[in-house]
Amino acid sequence: MKSYYRIMLGAKSKFAEECFTGSFIGAGFLYGIDLTGKFPEDWRAFNKAYIPIWLESHPEKTRVSAGLACGALWTVAKGLNRGDIVLSPDGLGSYRVGEIAGDYQFVKGANLPHQRKVLWLNVSIPRTAMSQTLQNSTGSIGTQALEVIRANPDL
């Protein structure tokens with residue numbers, strides 16, 4: 001069974017075009033750390049290990065912020081399965097649709113170094129064409145939006 005996820009490609013979609021052109025999604029949290037082979041099956045174990053590391057480089061942030069960052073990183077790198085569908089805003093008012101096609105890889109020096117290969121489909125959905133429920137869910141952050149999309153794959 002495929003799952004559906006909303007994935008941001010940088011703050012305000014600033015790396016969206018780079019991701020579409022390069023056929024990937026990515027995350028920039030824990031920027032300089034290669035996490036190959038370091039993703040446990042449970043995101044809680046990952047958060048327990050990496051929240052303190054994230055907070056070291058972001059001392060002004062809260063533990064909640066750290067948990068959200070680490071949880072998002074785990075989702076992109078480990079939680080998504082090949083074949084899952086991602087919806088990513090293009091920064092211009094539409095969403096691109098892609099299918100996860102590869103496993104985690106670390107690309108040193110990239111804007112979003114924690115990457116997954118994606119087959120971007122030739123589909124662009126204007127936000128205005130989405131149902132109100134989907135518009136509401138894609139406008140929220142984190143798990144809330146993901147859960148609404150996963151629970152309602154026909155939106």
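# A tour from strand S6 outward

Select S2 and strand S6 (residues 114–126): these two strands pair in the antiparallel sense over four bridges. Two strands count as paired if DSSP finds at least two bridges between them. Strands (E, at least two residues) and helices (H or I, at least four) are DSSP runs, numbered from the N terminus. This is a predicted model, in which local features need pLDDT of at least 70 and side-chain atom pairs count only at pLDDT 80 or more, while totals for chains, interfaces and linings use all residues. Residues are numbered from 1 along each chain as its sequence is written, and side-chain values use heavy atoms, with hydrogens and water left out.

**Stop 1: the partners of S6.** Pick Phe24 and look across to S6, where its bridge partner is Lys117. Next, add strand S4 (residues 94–100), which pairs with S6 in the antiparallel sense over six bridges. Here Ser94 has Pro126 of S6 as its bridge partner. Then add strand S5 (residues 105–106), antiparallel to S6 and joined to it by two bridges. For Phe106, the bridge partner in S6 is His114. In a regular strand the side chains alternate between the two faces of the sheet.

**Stop 2: the whole chain.** Zoom out and colour by secondary structure: the chain has five helices and six strands. From the N terminus on, the order is β-α-β-α-α-β-β-β-β-α-α. Of the 155 residues, 44% count as buried; buried means under 20% relative accessible area, exposed over 50%, and partly exposed in between (1.4 Å probe, protein chains only).

**Stop 3: Phe39.** Select Phe39, in the loop between strand S2 (24–27) and helix H2 (43–57). Is Phe39 buried or exposed? Phe39 is buried, because its relative accessible area is 13%. Leaving aside neighbours within four places in sequence, Phe39 is in contact (heavy atoms within 4.5 Å) with Phe46, Leu73, Trp74, Ala77, Lys78 and Tyr104. Now draw a distance from the C-alpha atom of Phe39 to that of Gly79: the two are 9.4 Å apart, with these positions 40 residues apart along the chain.

**Stop 4: salt bridges.** A salt bridge is a side-chain nitrogen of Lys or Arg within 4 Å of a carboxyl oxygen of Asp or Glu. How many salt bridges does a search of the whole structure find? The search finds four, among them the three pairs below.

- Select Lys78, one of the contacts of Phe39, together with Glu41: their side chains meet in a salt bridge (2.8 Å, N to O). Lys78 is in helix H3 (residues 63–79) and Glu41 in the loop between S2 and H2, 37 residues apart. Lys78 is partly exposed at 28% relative accessibility, whereas Glu41 is exposed at 63%.
- Select Arg82 and Asp103, whose closest N and O atoms are 3.4 Å apart in a salt bridge. Arg82 lies in the loop between H3 and strand S3 (85–89) and Asp103 in the loop between S4 and S5, so the pair ties together parts that are 21 residues apart in sequence.
- Select Glu99 and Lys2, which form a salt bridge with the closest N and O atoms 3.9 Å apart. Glu99 is in strand S4 and Lys2 in the segment before strand S1 (4–6), 97 residues apart.

**Stop 5: two cysteines.** Finally, select Cys19 and Cys70. Cys19 is buried, with a relative accessible area of 0%, and Cys70 is buried, with a relative accessible area of 0%. A search of the whole structure finds zero disulfides (pairs of cysteine sulfur atoms within 2.5 Å).
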